[in-house]
Amino acid sequence: MTAGELHQRLSASEPAAREAGRHYVLGVVDALALARDGRICLGAGVPAAQLVDTVAAQLQARPDLHRFNAASLVREAIFVAFPCT
């Protein structure tokens, strides 16, 4: 899936499409957690909606990134928002 396709899903008027986009984002975040990506530090209390909103905001602000892989964009958006310090 491209980042543009993910953006379309997250911003769709149909609830099912938005939910599919939401689940995609959360699936990538779960995979990052399982892989123990040391660049990303999510606290236990970070709401799922905040993660999805972070990615959606990046997609909205940077349409030039829509041609790239969606999982890569999710990883980078979460890394920028939740870096390990």
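Valine 80 is exposed in this predicted model, and its relative accessible area of 64% tells you why: a residue counts as exposed when that value is over 50%. To find valine 80 in the picture above, look for helix 4, which covers residues 70–81. From there you can also look across to glycine 43. The two residues are 37 places apart in sequence, and their C-alpha atoms are 14 Å apart in space.

Now let's move to helix 2, made of residues 15–35, where you will find valine 28. Is this valine buried or exposed? Valine 28 has a relative accessibility of 13%, and because the limit for buried is under 20%, valine 28 counts as buried. What does valine 28 touch, once residues up to four places away in sequence are set aside? Its contacts are Ala71 and Val74. You can try another distance here, too: between the C-alpha atoms of valine 28 and alanine 57 there are 17 Å, while along the chain these residues are 29 apart.

Our last stop is histidine 7, which sits in helix 1, residues 3–10. Its relative accessibility is 17%. That value is under 20%, so histidine 7 is buried as well. Which residues does histidine 7 contact, leaving aside its neighbours within four places in sequence? They are Leu59, Gln60 and His66. Try finding each of these in the structure, starting from histidine 7 in helix 1.

Notes
Residues numbered from 1 in each chain as written. Predicted model: local features only at pLDDT ≥ 70, side-chain atom pairs only at ≥ 80, totals over all residues. Heavy atoms only, no water. Helix = DSSP H or I, 4+ residues; strand = E, 2+ residues; numbered from the N terminus. Buried < 20%, exposed > 50% of the residue type's maximum accessible area, 1.4 Å probe, protein only. Contact = heavy atoms within 4.5 Å.
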